[in-house]
2 protein chains.
Amino acid sequence: MTMEDSNQLGEFDLIARFFNRQSLIGNHKPHDISSANSVLLGIGDDCALINPPPTGYCLAITTDMLVENRHFFSSADPEKLGHKCLAVNLSDLAAIGAKPVAYTLSLALPFVNAPWLASFAKGLHQLADYHDCQLIGGDTTQGPLTISITAFGHVPNAQSLRRSQAQLGDDIWLSNVVGDARYLLGVERGEWQPSQVLDSIQARLHCPTPRIELGIALLGIAHAAIDLSDGLLGDLKHILIASKWNADIWIDQIPTSQIISALSPELRRLCTLKGGDDYELCFTAPEKNRQIISQISQELKVPLTRIGVITKTGSHDEFGKIDLIDSQNHVLPAELTQQYMRSFDHFQHES
Amino acid sequence: MTMEDSNQLGEFDLIARFFNRQSLIGNHKPHDISSANSVLLGIGDDCALINPPPTGYCLAITTDMLVENRHFFSSADPEKLGHKCLAVNLSDLAAIGAKPVAYTLSLALPFVNAPWLASFAKGLHQLADYHDCQLIGGDTTQGPLTISITAFGHVPNAQSLRRSQAQLGDDIWLSNVVGDARYLLGVERGEWQPSQVLDSIQARLHCPTPRIELGIALLGIAHAAIDLSDGLLGDLKHILIASKWNADIWIDQIPTSQIISALSPELRRLCTLKGGDDYELCFTAPEKNRQIISQISQELKVPLTRIGVITKTGSHDEFGKIDLIDSQNHVLPAELTQQYMRSFDHFQHES
């Protein structure tokens with residue numbers, strides 16, 4: 001860990017200024033704070049030290065790397081980028097039901113651009129502060145712009161929302177709406193022309209909301225969950241494979257924004273089923289919990305919609321199959337489903 | 001976390017093959033193992049889950065990012081590179097006295113090269129297995145070759161070897177020898193011609209040994225420690241700043257290999273004082289512990305040499321000063337010391 005090298009000569013000084021908040025307040029000693037807090041020792045030593053989680057809880061760990069021109073354009077607003085880099089990690093914590101505690105940041109930068117760094121750090125810190133998630137260390141180096149975050153949270157071991165825990169007959173639920181991020185990406189890439197003013201969905205691609213409160217509220221209520229980063233069908237399939245079931249999805253019940261609702265059925269399905277970057281939660285829960293899930297939805301002010309059901313596999317070996325069913329109760333052709341199920345693969349050109 | 005996406009189409013399959021050992025043995029369900037083990041849930045979910053450390057222990061966390069052409073040459077042997085990427089992180093765990101438990105790996109690759117990945121994974125797994133440190137998740141993406149690892153270990157909270165704990169009068173110790181890695185790097189870069197066959201020190205640059213056993217043995221014996229990644233003086237200075245002391249260093253007592261001993265005094269000092277990539281431990285301990293430190297050295301078969309002492313600051317505000325003293329008891333000019341103290345800064349050209 002070298003982020004702490006604020007006493008070195010050179011431009012590490014500058015970087016430390018934006019990320020090491022202890023150095024901002026003139027305290028160059030490692031950050032020792034009361035044991036009531038989870039972080040024993042933050043930025044400023046070879047390692048950070050964090051307290052064990054409370055009894056019955058375990059530590060959830062997730063990591064995501066974002067690369068320029070792959071996950072974001074060079075022109076990306078640095079404040080939103082700072083937000084998004086942490087948000088995609090917090091979204092993984094949400095998907096297992098964990099409460100965020102801390103994170104590390106590794107940053108490769110082609111050169112030091114102070115205004116860019118100040119904005120990036122602002123976006124990062126704002127989201128971190130909202131979730132009381134402390135930056136405890138990291139690394140900075142020269143290189144092609146790459147941002148790697150590892151985030152830590154606490155989750156009650158017995159209730160964690162694992163992908164493998166879906167049960168036969170579970171309802172399949174979706175938070176909020178899907179498809180906006182993919183639609184906007186297509187507009188930015190020139191894949192299609194915008195149908196109307198898209199201001200209302202800008203944040204959905206560039207400034208996603210990790211569903212932390214929802215993940216925690218679903219502990220003991222939902223069986224399995226996943227966050228939607230690579231597309232609804234591809235991500236749902238991870239639950240089906242891990243749990244060894246199939247699913248029916250009622251495609252015309254998938255919730256969307258007005259902008260997505262107004263698209264042609266074909267484009268709407270592409271954006272909602274295969275999209276990506278939604279960072280909503282898809283979860284499964286037993287029928288008996290429908291009422292409490294409605295209450296959670298109202299309390300958190302996050303729409304929760306039933307979009308399908310966990311079904312039995314045809315034979316012992318076949319699982320992970322999804323039947324897409326429209327409002328006329330027709331099952332869509334398997335080839336089409338298969339195409340929607342192909343998540344975004346960073347090593348493949350999309351067809 | 002997407003490393004687990006072994007059921008996706010595309011070349012993620014290939015990547016998962018090399019890193020997800022569960023997938024190798026045909027078990028596609030998340031890795032549930034007994035609670036006797038630290039890892040509750042490994043690769044294959046939104047997050048990994050790890051058990052709390054034993055009573056009295058806390059979790060040590062460190063992260064390092066390595067970028068092609070910055071931390072390693074494109075021609076680097078991938079097996080040694082795999083070893084080194086993990087070794088530099090384990091070295092940080094060693095420096096605080098932590099026992100490794102698990103790690104995550106984020107990898108940006110320009111393209112998928114199966115033989116390269118197989119060798120890289122081999123080097124990584126060998127070192128991880130030696131220290132019983134489990135790969136619990138990660139991320140893979142297309143991009144300029146960048147490797148980001150976050151490692152986790154257990155350390156008894158009260159005894160952790162923090163930089164801030166050096167005491168006045170402490171002996172300053174160094175493990176093994178320093179200077180080999182910087183000398184070899186200079187040869188590879190064409191900065192100087194090799195004086196002799198360098199086979200005996202190749203591993204010192206490309207395949208460093210993290211001093212895990214030493215760090216653990218020093219718990220309760222040493223006060224402060226740091227691992228030498230950026231150069232002896234620059235790294236020692238971190239201890240002095242954090243502990244608010246100065247130091248005397250007896251430069252002619254700094255242990256070196258025969259190859260470094262045979263160099264001109266000037267080049268020898270550059271390599272040993274300012275070098276970097278040594279991954280030895282520099283630690284401070286009270287005089288009363290000299291005998292037990294000798295015993296530790298013998299038991300672990302790691303040479304440990306006293307190279308200096310922690311001294312008082314001249315005034316309240318001045319700390320982090322190092323006096324370099326030669327065998328004639330002369331103090332080297334401050335300007336020279338200052339030059340040796342400049343650690344490698346990734347955003348600066350070296351003079």
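**Pairs, units and domains, term by term**

Me: How do you know that strand 4 (residues 99-109) and strand 6 (residues 146-156) of chain B are joined, and in which sense do they run?
Reply: Nine bridges join these two strands of chain B, and they run antiparallel. Two strands count as paired if DSSP finds at least two bridges between them, so nine bridges qualify. One of the facing couples is Leu107(B) opposite Ile147(B) in strand 6. A word on the source: this is a predicted model, in which local features need pLDDT of at least 70 and side-chain atom pairs count only at pLDDT 80 or more, while totals for chains, interfaces and linings use all residues. Side-chain values use heavy atoms, without hydrogens and water, residues are numbered from 1 along each chain as its sequence is written, and chains are lettered from A and ligands numbered from 1 in the order in which they are written.

Me: What makes a stretch a strand or a helix here?
Reply: Both are DSSP runs, numbered from the N terminus: H or I over at least four residues for a helix, E over at least two for a strand.

Me: Which sheet holds strands 4 and 6 of chain B, and what makes a strand an edge strand there?
Reply: They belong to an open sheet of six strands with mixed pairing, in the order 1(A)-2(A)-3(B)-6(B)-4(B)-5(B). Its edge strands are strand 1 (39-41) of chain A and strand 5 (134-142) of chain B, since each pairs on one side only. Direction ignored, neighbouring strands are turned by 20° against each other on average. Helix 4 (residues 114-130) of chain B packs on this sheet, touching strand 4 and strand 6 of chain B, and its direction makes about 165° with that of strand 4 of chain B. Touching means contact, with heavy atoms within 4.5 Å, and such angles run from 0 to 180 degrees between N-to-C directions of lines fitted to C-alpha atoms, for helices over the stretch in contact.

Me: Why is the unit of strand 4, helix 4 and strand 5 of chain B called right-handed?
Reply: A crossover earns that name if, with the strands pointing away from the viewer, the path from the first strand over the helix to the second runs clockwise. The β-α-β unit made by these three elements of chain B is right-handed. Its two strands run parallel, joined by eight bridges, with Thr104(B) opposite Gly137(B) in strand 5.

Me: What makes strand 4 of chain B "mostly covered"?
Reply: Ten of its eleven residues are buried, that is, under 20% relative accessible area (exposed is over 50%, partly exposed in between; 1.4 Å probe, protein chains only).

Me: And why is strand 5 (residues 134-142) of chain A described as largely enclosed?
Reply: Eight of its nine residues are buried, so the rest of the structure largely encloses this strand. It pairs with strand 4 (residues 99-109) of chain A in the parallel sense over eight bridges, where Tyr103(A) stands opposite Leu135(A).

Me: How do you know where the domains of chain A lie, and how much area is buried between them?
Reply: The bounds come from an automatic or database domain assignment, which gives domain 1 (3-156) and domain 2 (163-340) of chain A. Their contact takes 22 residues from domain 1 and 20 residues from domain 2. About 1,600 Å² is buried between them, 67% of it from carbon and sulfur atoms. Buried area is the accessible area (1.4 Å probe) that two parts lose on being put together, summed over both.
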